[in-house]
Structure formats: C-alpha cells, structure tokens
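Trainee: Before we begin, could you take me through this structure one step at a time, with the reasoning behind each answer?

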Amino acid sequence: MIKQYIQSNQQRFLDELFDLLRIPSVSADSRNKADVRKAAEFIVQKLKDAGADAVELCETKGHPIVYGQKTISNSAPTVLVYGHYDVQPPDPLNLWTSPPFEPVIKDGKIFARGSCDDKGQVYMHIKAFEAMMKLNQLSCNIKFMIEGEEEVGSDNLGIFVKENKERLKADVILISDTSLISLDHPSITVGLRGLSYMEVEVTGPNRDLHSGVYGGAVANPINVLSQMIASLHDENGKVTIPGFYDKVVELSEADRKKLNEAPFDLIEYKKDLAIDEVLGEKGFTTIERTGIRPTLDANGIWGGYTGEGAKTVLPSKASVKISMRLVPNQDSHEITQLFTKHFLTIAPKSVKVKVTAHHGGEPAVTPTNSKAYKAASDAFVAVWGKAPIPTRDGGSIPIVSLFKKELGLDTVLMGFGLDSDAIHSPNEHYGVKNFLIGIETIVSFYQHFSKK
Ligand code: BES
Ligand code: MN
Ligand code: MN
C-alpha cells in the first residue's frame with residue numbers, strides 16, 4: 001500500500017523537491033538571507049499540506065527554525081525528526097556540469113546543491129509523513145524541527161533546544177543526514193566525529209615588499225605558515241599538537257575487527273577519487289582513519305599574489321583555515337585551546353600570529369541496543385531484505401551530542417546518501433532510488449517503532 005502510494009505520487013514528490021532545490025538557501029552567505037527564509041517558508045507550507053499541526057516558523061537571531069507536529073495519542077511513542085534546509089555555498093561554480101540551483105535528473109540522480117545534504121533527505125521525511133497521514137497509518141506522534149543553520153554551526157538551534165525542552169519532549173530523535181555504505185549494503189550510522197575549526201593569520205612585515213630587495217632577510221609569512229602547518233603531522237601521520245590524543249577512546253581489537261568487516265573496496269575508493277594511494281595515520285585502515293581517529297586538515301590557504309602572471313612580492317600576511325575532526329572523548333573547546341597554545345608556541349619571533357576559533361561541535365556515538373535502533377534495523381530488513389551494518393561516519397552533526405545533553409535523547413542516524421554523492425562539492429547529487437526507498441524505509445521505521 002505504501003509502495004503503491006509512493007509510486008503513484010513519485011512525480012509530484014520530485015516536482016516539489018525540485019521547487020525546494022531551486023531556492024538557493026546558502027546559510028553562510030548573507031546575500032542569500034531572503035532565500036534561506038523562503039526555503040523555511042516552503043517547508044512550513046509542505047508540513048501544513050501534509051497534515052501537521054502547530055506548524056510555526058520560529059525566529060532566531062539567525063535563520064529561522066521550522067517546527068511542526070502531529071499528535072495521535074498520548075500512549076504512542078513520539079519521534080522528533082531533525083534535518084536542515086540550509087545548504088553549503090555552491091562554489092566553485094565553473095565545475096558544475098549544470099547550474100547548482102537548477103535541479104536536473106541525469107543517470108537516475110538528482111543534481112543540485114542540497115539534493116542529498118540535506119533537502120532531499122528532509123523531504124523524504126515530509127513525504128513519509130504525508131503518506132502515513134493519507135493512508136491513515138500514522139502510528140507514532142511526530143515532531144519536526146528543521147533548521148537553517150546546520151552548515152554554519154547550529155548556534156541558534158542550540159539556544160532553541162535549551163528554551164523549548166517541553167515542546168521537544170520525545171522518545172527518540174530521527175535524522176537522515178548521513179550516508180549508506182551502498183545500495184547493496186544498507187547501514188545505520190552509529191558514530192559521528194566532532195569538529196574544531198580554526199583560522200590562523202600570520203603577519204610578517206607591515207607591508208608587501210619587493211621579494212628581491214628584502215627576500216632572504218625578512219620572514220615570509222607564507223614560508224613560515226607552510227612550515228608551521230607541515231609540522232602539525234609527524235612522519236607517521238600523527239597530529240603533533242601536545243595532548244591531542246590524550247582523551248581519544250581507543251577501540252578494543254574486537255571492536256576494530258568488527259568495524260573493518262564492513263564492506264569497503266579500496267580499489268573502487270581510489271578510482272572514484274582518481275588517486276594512486278591513500279594517505280593517513282599509520283597503523284589504521286581507511287575506515288578507521290575516517291571513523292574512529294581524530295584528524296587535522298587545512299581547508300583553505302591564501303596570501304601573496306595569486307593573479308595572472310608573476311609579481312615578485314614578499315607578502316605581509318598569510319592565512320589558513322584548519323579543521324580538526326574529533327572522536328570520543330575529545331572535547332572541541334579543549335582541542336581548540338590546545339591548538340591555539342601550540343600554534344603560538346611554534347611561531348618564530350619574526351612573525352605575529354593571530355589564532356581565531358570558528359564553530360565546533362562534539363563527537364557522538366549512538367546506541368545499537370535501543371528500541372529505536374532495532375526499529376530502524378527492522379525497517380531495513382523489511383524494505384531492503386538485509387540487516388543494516390552499523391558504521392561510524394567521518395562527518396559532524398554537532399546537534400546530536402546536544403540532543404543527548406539537553407534533552408536526554410538518543411538519535412537514530414538513518415541516512416540514505418552515498419559518500420560518492422559529492423556533498424559540499426560541485427555536482428552534488430542524490431539517487432532518485434535512494435529518495436524513494438528512503439521514504440519507504442522511514443514509514444517502516446514508524447511501523448516497527450510503535451510496536452516496540
Ligand atoms: N550532513 C553533514 C554531515 C555528514 C555528512 C555526516 C556525511 C555524515 C556523513 C552535515 O551537513 C555537515 O556537513 N556538517 C558539517 C559540520 C558543521 C558544523 C558545519 C561538517 O561535517 O563539516
Ligand atoms: Mn547535512
Ligand atoms: Mn553539510
């Protein structure tokens with residue numbers, strides 16, 4: 001019956017999702033403020049159309065949060081669905097094969113910024129809800145909280161959660177904002193990494209100088225900064241910041257073995273990225289390097305002359321943005337401090353160093369023995385004919401640890417994206433198949449959860 005409903009409404013579902021994808025709700029760019037709001041209003045309308053009550057566009061200091069709910073009975077369990085309607089900037093634009101906010105289907109995949117992260121996945125939940133309402137099959141109370149600042153750190157959502165504990169009372173949080181191993185190997189994410197994001201500015205002389213007149217005699221901020229960045233890893237790929245690994249929970253040999261049993265094709269992985277070899281912390285597999293180990297990466301670096309031709313200049317300044325991915329039980333504030341202290345310590349006296357912290361978030365591990373996890377697992381068995389494999393993802397959803405801390409709630413991370421969907425990259429896409437089977441699996445989750 002559900003399958004039938006999805007099939008006969010498939011075109012409309014996709015048309016509506018396309019309308020949402022056409023709204024450039026880039027939360028990081030103030031020029032898109034009105035668009036971000038438009039996307040929130042779109043979600044409001046679709047929740048209302050699907051039959052939600054108390055739908056509200058909740059103002060924050062930043063972009064609005066959309067809330068809506070449907071209560072069927074006080075004795076039924078309550079599921080709080082979280083997702084985000086904001087998207088990453090589409091840059092670099094010239095690398096897109098079709099414009100980022102003009103969705104198209106190619107090879108069975110929807111190409112658009114946000115198609116997978118996270119509009120496409122949020123929309124599965126709205127359509128799953130619509131289907132259950134239309135077919136009179138809703139067996140759980142539902143609350144929706146869809147925000148517009150996930151990609152910029154969810155600061156205002158944190159405040160909203162603290163101020164709305166009563167309204168957000170639930171039995172579990174359900175999120176689709178992660179990836180599957182593959183369509184052949186369904187999986188449920190049980191771990192997310194935390195994040196500490198830093199920016200460093202190195203200043204040498206008070207102005208750009210002629211690199212012939214002064215070169216060799218005055219510290220070059222680019223040279224100095226490059227050396228400092230390079231020194232953050234040792235020859236074994238370990239991060240050299242003192243204390244960085246102190247709180248890292250090491251997995252038992254048995255748990256590591258289990259983690260590595262997940263299907264992973266290194267040859268395919270390298271082929272997809274067009275690289276000859278992988279690189280990372282010595283003694284750990286690729287699955288471990290992205291799942292259970294903390295890392296440090298430069299995300300952007302600039303300084304000096306980057307225009308056409310050659311300009312002989314010794315720059316006054318150089319900068320870098322650095323992200324550190326964290327694992328239990330590292331604390332993002334502590335890591336931010338360790339980084340700052342270390343970076344100031346290793347700087348030569350010939351330059352001035354300014355270290356600033358951007359947003360961060362804590363890592364999270366979700367239980368596999370909860371009723372909700374079992375319901376999600378049963379849903380995969382019912383719809384996919386296979387039990388899902390628990391995996392640890394490398395990305396971050398900082399609000400998950402906050403849900404636990406503030407609301408005491410565990411999360412089920414039932415994502416339907418694929419690592420190859422190019423989220424945050426040019427040509428982000430999302431399989432139509434993933435979208436449709438996601439809706440079906442979500443409906444099945446509610447059926448199983450209400451019976452637990
Ligand atoms: N949906 C992603 C996180 C994600 C992606 C988790 C793939 C697991 C697998 C989310 O939208 C995201 O991009 N988060 C940011 C963190 C945020 C604080 C900017 C990230 O991971 O960089
Ligand atoms: Mn996301
Ligand atoms: Mn994202």
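Mentor: Let us start with strand E3, residues 78-84, which is mostly covered, seven of its seven residues being buried. Keep in mind throughout that this is a predicted model.

Trainee: Which residues of E3 lie on one side and which on the other, and are they buried or exposed?

Mentor: In a regular strand the side chains alternate between the two faces of the sheet. In E3 one side carries Thr 78, Leu 80, Tyr 82 and His 84, and these are buried. The other side, also buried, carries Val 79, Val 81 and Gly 83.

Trainee: Which residues stand opposite Val 81 in E6 and in E7?

Mentor: E3 pairs in the parallel sense with strand E6 (residues 141-147) over seven bridges, and in the parallel sense with strand E7 (residues 172-175) over four bridges. The bridge partner of Val 81 in E6 is Phe 144, while in E7 the residue opposite Val 81 is Leu 174.

Trainee: Which protein residues coordinate the manganese ion (ligand 2)?

Mentor: The site of this ion is irregular, with angles of 57 to 166° among its six donor atoms. Along the chain, its donors follow the spacing H-x32-D-x59-D. At 2.0 to 2.4 Å, the manganese ion (ligand 2) is coordinated through NE2 of one residue and OD atoms of two others, namely His 84, Asp 117 and Asp 177.

Trainee: Which residue coordinates both the manganese ion (ligand 2) and the manganese ion (ligand 3)?

Mentor: The manganese ion (ligand 2) and the manganese ion (ligand 3) are 3.6 Å apart, and Asp 117 coordinates both. Together with His 84 in strand E3, Asp 117, in the loop between strand E5 (109-111) and helix H3 (119-134), links distant parts of the chain, 33 residues apart. His 84 is buried at a relative accessible area of 0%, and Asp 117 also counts as buried, at 7%. The residue that bridges the ions is thus Asp 117.

Trainee: How many residues apart in sequence are the parts tied together by Glu 151 and His 424?

Mentor: The manganese ion (ligand 3) has as protein donors Asp 117 (OD), Glu 151 (OE), Glu 151 (OE) and His 424 (NE2), at 2.1 to 2.6 Å, and the spacing of its donors along the chain is D-x33-E-x272-H. Its site is irregular, with angles of 54 to 156° among six donor atoms. Because Glu 151 lies in the loop between E6 and helix H4 (155-163), and His 424 in the loop between strand E19 (417-418) and strand E20 (429-431), the pair ties together parts whose separation in sequence is 273 residues.

Trainee: Is Glu 151 buried or exposed, and what is the state of His 424?

Mentor: Residues count as buried under 20% relative accessible area and as exposed over 50%, with partly exposed in between. Glu 151, at 12%, therefore counts as buried. His 424 has a relative accessible area of 38%, so its state is partly exposed.

Trainee: Turning to the open sheet of four strands, which strands stand at its edges?

Mentor: The order of the strands is E12-E14-E10-E15, with antiparallel pairing. A strand at the edge has a single partner strand, so one side of it is left without a neighbour in the sheet, and this applies to E12 (295-303) and E15 (352-361).

Trainee: Which residue in E14 stands opposite Glu 199?

Mentor: Strand E10 (residues 194-203) and strand E14 (residues 317-326) run antiparallel and are joined by 10 bridges. Within this pairing, the residue of E14 that stands opposite Glu 199 is Lys 321.

Trainee: At about what angle does helix H9 run to E10?

Mentor: Helix H5 (residues 221-230) packs on the sheet, touching E10, E12, E14 and E15, and its direction makes about 15° with that of E14. Helix H9 (residues 332-346) lies across E10, E12, E14 and E15, and its angle to E10 is about 25°.

Trainee: What is the relative accessible area of Val 320?

Mentor: Val 320 lies in strand E14. Leaving aside neighbours within four places in sequence, Val 320 has contacts that include Met 198, Val 200, Leu 225, Ile 229 and Trp 302. Val 320 is buried, and its relative accessible area is 0%.

Technical notes. Residues are numbered from 1 along each chain as its sequence is written. Chains are lettered from A and ligands numbered from 1 in the order in which they are written. This is a predicted model: local features need pLDDT of at least 70, side-chain atom pairs count only at pLDDT 80 or more; totals for chains, interfaces and linings use all residues. Side-chain values use heavy atoms; hydrogens and water are left out. Two strands pair if DSSP finds at least two bridges between them. Helices (H or I, at least four residues) and strands (E, at least two) are DSSP runs, numbered from the N terminus. Contact means heavy atoms within 4.5 Å. Axes are lines fitted to C-alpha atoms, for helices over the stretch in contact, and angles run from 0 to 180 degrees between N-to-C directions. Buried means under 20% relative accessible area, exposed over 50%, partly exposed in between (1.4 Å probe, protein chains only). Donors are N, O and S atoms within 2.8 Å of the metal (3.2 Å for Na, K and Ca); water is not among the atoms, so sites may look incomplete. Four donors count as tetrahedral if all angles lie between 85 and 135 degrees; four count as square planar and six as octahedral if opposite donors are over 155 degrees apart and all others between 65 and 115; anything else is irregular.
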